[in-house]
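Good morning, and thank you for joining this session. I would ask you to keep the structure in view while I go through its local features in turn.

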Amino acid sequence: MQILVLENSTTSAKAMWVSGETGAVEVRTAPYPPGTVQEGTCQAEQSFQAAVRLGRQLAAGRRADAVALTTTWHSLLLCGPGGEALSPVYLWSYPGAAGYGANMQKDQMFSERFYQITGCGVHGSYPFFKYQVLREQGRLPGSFRISDQGSYNLERLTGHWASNRCMASGSGWLDLRRGEWSQPLRALCGLSLEQFPPLVSCRQTFPLSPEGAAMLGLEPGTPVLTALPDGGMNQVGSGACREGELTVSVGTTGALRMTVPAPRLGTWPGLWCYRIPEAWLCGAAVSGACNCLDWFREQLAGGAGYGALEAPADWQADTPVFLPFLWGERCPGWQAERRGGFWGLQGHHTRRQLYRAVQEGVLFSLRHCLDQMEEQAGEPRRIFLSGGILQSPGWTQMCADILGRELELDAVAQASMTGAAVTARWALGKLHSLEEYRPAAGGTAAPNPAMEAYYREKYKRYRDAYQRTGVR
């Protein structure tokens, strides 16, 4: 099979061509044009065209069996009746609803009910809360539909407006268990069912329209899948679709996602739970990961290289606690107004020790999420590690030591686009189940027993600092 994948990430467009006959993969990426992304928003048409340009380059002179779309979870776009964008796309990173979400958390009855219906947190990153802010501020068009970047892309390519339950489960409007748009939450927002895209199976395809075919240089009628969330596709692309398989991604931000056969919800505040094809994900997202290292290097280390900050490394150096909430907190506490920084900083601490504290703090935050995940969904059977952390063998080893688990290192490049291509094969009947897909292994990292007691004590210090610095 020949599959073209188009992806719109937070800051860049991507395209992948997958040849089923040879297994060859070609990838092209490009940052969005200047002005496309500003303060957590992006321009839908500019983002769409950036991905289409890359797709057309890869598709030149070829025939595709399917086009797969993927984009970020949690985007909100208001569209007109013809699919035209009436607002910017409000991305997961849009800060304008943080205060509203924090205020709604004070209503414990609402918070628990919202969480149990949707599996989403009471937090400004979700479209539900972004919409409520726009409504309160009188910024809604006279007539509009609720959409997102992925549904916009589908309509531009096929003329059909639709979404799947995987993408919808990150909106804050989907009843997670029933798989339908929640009537009580729609009523709370003053929205009718007709204002939401029809929900279809992840296997549903729509024919590429003549206009879409001209844009991509493909044949009209080529099957196009509804847009899939990049976080869910990371799970598929990592080959972690069996029950109890956990992916840990440490990139610009961080995430833990465990495949479960049914929704797993504790009490609020808890970990989120979304749908993926054939299963669900119980997971956590953290705002501070590699971006914290970038911040330290740029703001406190004069742009020094990462290698200079890491080596020579004293792996048992005295370090302060670093709380990685420079951009607020998502999981596990959902405190958007929480602040980060160093706790226990003293005059003798060196630049390298502070950098090491940042590395530790990011991983202690993920360990905190893992502890809550095990309480809510059980212990993982396998753990796959991916992201920029793999560029640092020392930090990768630290991750195994702090989590106290053997980690399988992800060898899949562009896991979200790979997952979308695998899902396309499944949708067209080439795979019986997504569980069948297993990428090549990329090695392992096992915890060092000599570091276990050391990190156990440091983790206690982290949890103490976390409790002392909350905003509640």
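By strands I mean DSSP runs of type E with at least two residues, numbered from the N terminus. The model before you is predicted.

With that term in place, let me begin with the backbone. Glu278 is located in the loop between S19 and strand S20, the latter covering 279-286. Its phi is positive, about 75°, although Glu278 is not a glycine. Is Glu278 buried, exposed or partly exposed? Its relative accessible area is 45%. Since exposed requires over 50% and buried under 20%, Glu278 is classed as partly exposed.

Glu39 also has a positive phi, near 50°, and is likewise a residue other than glycine. The loop that holds Glu39 runs between strand S4 (37-38) and strand S5 (41-42). With a relative accessible area of 72%, Glu39 is exposed.

The strands on either side of Glu39 take us to a sheet. S4, S5 and S8 form an open sheet of 3 strands, in the order S4-S5-S8, with antiparallel pairing. S4 and strand S8 (89-90) are its edge strands, each pairing on one side only. Between S5 and S8, which run antiparallel, there are 2 bridges. One residue to locate here is Cys42, whose bridge partner in S8 is Val89.

Next, the cis peptide bonds. The bond from Trp268 to Pro269 is cis, with omega near -5°. Where does Pro269 lie? It is in the loop between strand S18 (254-260) and strand S19 (272-276). Cys331 and Pro332 are also joined by a cis peptide bond, here with omega of about 0°. Pro332 belongs to the loop between strand S21 (321-323) and strand S22 (341-343).

I turn now to the interior. The largest nonpolar core has 133 residues, and those touching the most other members are Leu4, Phe129, Ile146, Trp173, Val248, Val250 and Trp395. Helix H12, residues 351-377, supplies the largest share of this core, namely 12 residues. There is also a second, separate core of 26 residues, with Met1, Ile3, Trp426 and Leu431 among them.

Trp173 reappears when we consider the aromatic rings. How many aromatic pairs are there? The count comes to 31. In one of these, Trp173 and Phe196 meet edge-to-face, at 5.3 Å centre to centre and with 75° between the planes. Trp173 lies in the loop between helix H6 (165-168) and strand S11 (174-175), while Phe196 lies in the loop between helix H7 (183-189) and strand S13 (199-200), so that the pair links parts of the chain 23 residues apart. Both rings belong to buried residues.

Phe196 has a further partner in Trp181: this pair is tilted, at 4.8 Å centre to centre and 40° between the planes. Because Trp181 lies in strand S12 (residues 180-181) and Phe196 in the loop between H7 and S13, the pair ties together parts that are 15 residues apart in sequence. Trp181 counts as buried at 10% relative accessibility, and Phe196 is buried at 3%. Trp173, Trp181 and Phe196 are among the members of a cluster linked by ring pairs, which also includes Phe128, Phe129 and Tyr131.

Finally, a charged side chain. The charged end of Arg338 sits over the ring of Tyr466, 3.8 Å from its centre. That charged end also sits over the ring of Phe325, at 5.3 Å from the centre.

Technical notes:
Residues numbered from 1 in each chain as written. Predicted model: local features only at pLDDT ≥ 70, side-chain atom pairs only at ≥ 80, totals over all residues. Heavy atoms only, no water. Core = buried A, V, L, I, M, F, W, Y, C linked by side-chain atoms within 4.5 Å. Buried < 20%, exposed > 50% of the residue type's maximum accessible area, 1.4 Å probe, protein only. Helix = DSSP H or I, 4+ residues; strand = E, 2+ residues; numbered from the N terminus. Pairing = 2+ DSSP bridges. Phe/Tyr/Trp six-rings, centres within 6.5 Å; stacked < 30°, edge-to-face > 60°. Lys NZ or Arg CZ within 6 Å of the ring centre and 35° of its normal.
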